[in-house]
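Student: I'd like a close look at one part of this fold, with its neighbours filled in around it. Could you take me through it piece by piece?

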Amino acid sequence: MTSPSDSKTPSAGQAPPDAPPKNRLRTLVEDLERRVADVALMGGEEKIEKQHERGKMTARERIEHLFDAGTFMEFGTHATFHVGNEEVKGVRAPADGVITGTGRIDGRLVACAAYDFTVLGGSIGTTGEVKVTRVREIALKQRIPIVWLIDSGGARLHPSGGLNQASTIALFSDSGYLFREQVHMSGVVPQVAAMVGPGAAGTAYIPGLADFVPMVRKTSSMALGGPALVKAAVGEEISEEELGGSRVHNEESGVADKEVKSDAECLASIRTFLSFLPQNCTEKPPRRAYAPKPSERLPDAILDVLPDSPKGSYDMKKLVEMLVDDGDLFEMKPKWAKNLLTGFARIGGFPVGIVANNPKYLGGVLDVDSADKAARFITLCDAYTVPLVFLQDVPGFIIGSKMERQGIIRHGAKMLFAVADATVPKLTVVVRKGYGAGYYVMAGRAYEPDVFVAWPTAEISVMGPEGMVSIAMSKMLAAAPTPEVRDAMVKQAADALRPHVDIYKVASHGFVDEIIDPRDTRAVLLRGLELTVNKTVERPWRRRGVVPV
């Protein structure tokens, strides 16, 4: 037996007898580990607790949820807060308030910049912007998508650490590279700006130039100037939510693409969005494994979607969900310009962009907002080789003095330009109405649809029978003794005219590829997607088209 005095157990503070001697490198590695662990604490426990009290994840928790486990590689960990060339002492600013790096989402590489609100309100510091510039450079050079997780008070303007920030004002003249580079990246790699908190001033333009902008209800906002600046500049007192909250930008301005309930739902939406797109513009979007059914014919329930009345309302979304894989539709801007539905889905595993009139809202007529919504979405799909499926039930563009003052011509021209310019596969189904210029911009025959089919309920005409009667018989109708008599005259004449806009008249000229049984719509679209896998379109050389404003 050994006595306590004979024990070889080292006393406190002593290294084990078999431990290697501490050389300089081991000491430095221990210091590195300490520094990394400190940076991981972000703004400190109190700031993290406040973040959680607001119902928000921290920046690092968001990264953990967004990326495949163990794949995120951070860089710029040891960045610090600088004013000019001077490092600010006495202010806790780990990573200078922004976490940057790359990782994998569903196995595919993605770059990321996540602003950390626990560190100086996630404000943009000079060192932090060096890091974000680096991540943009990597995304562009490696041709991978980039995701911004925005939870930021904007530019870091306040003096700190006893330094006079006024001396750095002139440095503003050497800023703005971020937005210029975003423009250059546009259409090259997918860009996501997720609003998971505030985004004021500089951080508000990031979503303005991004391809996908989800917002979290009640905790996110974006505005060119926050409430304090608005009050100082124009004297308006307004809350952050009223100024630029998720409702404002999802329902009124149309800047945002989706409103979600939580950070977790927001991050899941990013993963879903990216799943429909390729890594960059030189690739095709990934097709998911698909096991074809014995018959692609849809159930008879599709025959009950349309009301008997040509003017009757119905929800186009229900029809779309019948056509796409598993009924899954990822809508873009679902709460804005509801008279037009846009979104991503899959048909037979192929990613597609859906553009569909929705008669449930405003009868499906096109106005300034829906035209802008369509133009933006069509351009996005065309940039990343996502085939477009158009479902037509459109009475045309809305008319009247109010619309003319709003610029319906130029807004409509944006949509027309986008659909005419698109070279991706275009598949058109005329479900019910295709009238006037609405028929054109929904990929009518002149706009190069690769598949152009119609249901037996379809009508294609310069306008509806009632509209033609109202113009042709205007004097006679004006002489009608009562409104009831007038309406009866319009109905009688329109009923007589309707057979002449019948889809079989159009088909008799060979102007549609086929009139199809609605139950075969999905199968026809799937064959069209298989047909157009190697589609090639050549346009006349030009520097660029001049897009209507």
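Tutor: Two strands count as paired here if DSSP finds at least two bridges between them, and the elements themselves are DSSP runs numbered from the N terminus, helices being H or I with at least four residues and strands being E with at least two. What you're looking at is a predicted model, so local features need pLDDT of at least 70 and side-chain atom pairs count only at pLDDT 80 or more, while totals for chains, interfaces and linings use all residues. Residues are numbered from 1 along each chain as its sequence is written, and side-chain values use heavy atoms, with hydrogens and water left out.

Let's zoom in on strand β16, residues 451-454. On one side of β16 runs a parallel pairing with β15 (residues 426-435), held by 4 bridges. Within that pairing, L427 has V451 of β16 as its bridge partner. To get from β15 to β16, the chain goes through helix α15 (residues 436-441), and the resulting β-α-β crossover is right-handed. That label is given if, with the strands pointing away from you, the path from the first strand over the helix to the second runs clockwise.

β16 also pairs with β18 (residues 514-515), again in parallel, through 2 bridges. There the partner of A454 is I515 in β18.

Now the side chains. In a regular strand they alternate between the two faces of the sheet. In β16, V451 and V453 are on one side, F452 and A454 are on the other, and all four are buried, so both faces are covered. "Buried" means under 20% relative accessible area, "exposed" over 50%, and "partly exposed" in between, using a 1.4 Å probe and counting protein chains only.

Look at the two ends of the strand next. Leading in, A443 belongs to the loop between α15 and β16. Its phi is near 65°, a positive value in a residue that isn't glycine, and A443 counts as buried because its relative accessible area is 0%. Leading out, the loop between β16 and β17 (459-461) holds W455. W455 counts as buried too, because its relative accessible area is just 2%.

What does W455 pack against? Leaving out residues up to four places away in sequence, W455 touches I302, L306, L319, V429, V430, V431, I503, I515, I516, P518 and T521; contact here means heavy atoms within 4.5 Å. You've met I515 already as the partner of A454 in β18, so that residue is worth clicking on.

For a sense of distance, W455 and D211 sit 244 residues apart in sequence and 33 Å apart in space, C-alpha to C-alpha. Over in another part of the chain you'll find strand β7 (residues 191-200), and 10 of its 10 residues are buried. β7 runs parallel to β6 (residues 146-152), joined by 6 bridges, and parallel to β9, over 3 bridges. G199 takes part in both pairings: S152 stands opposite G199, and G199 stands opposite M222 in β9. The loop between β8 (214-216) and β9 (221-223) carries T219, which counts as buried because its relative accessibility is 18%. Neighbours within four places aside, T219 contacts R54, K56, V196, G197 and P198.

One more backbone oddity: A337, in the loop between β11 (330-331) and β12 (340-347), has a positive phi of about 50° without being a glycine. A337 is buried because its relative accessible area is 11%.

Finally, step back to the whole chain. The chain has 20 helices and 18 strands, and its C-alpha trace spans about 115 × 65 × 50 Å along the principal axes. Of the 549 residues, 49% are buried. Among contacts with a separation of 6 or more, 73% link residues 24 or more positions apart.
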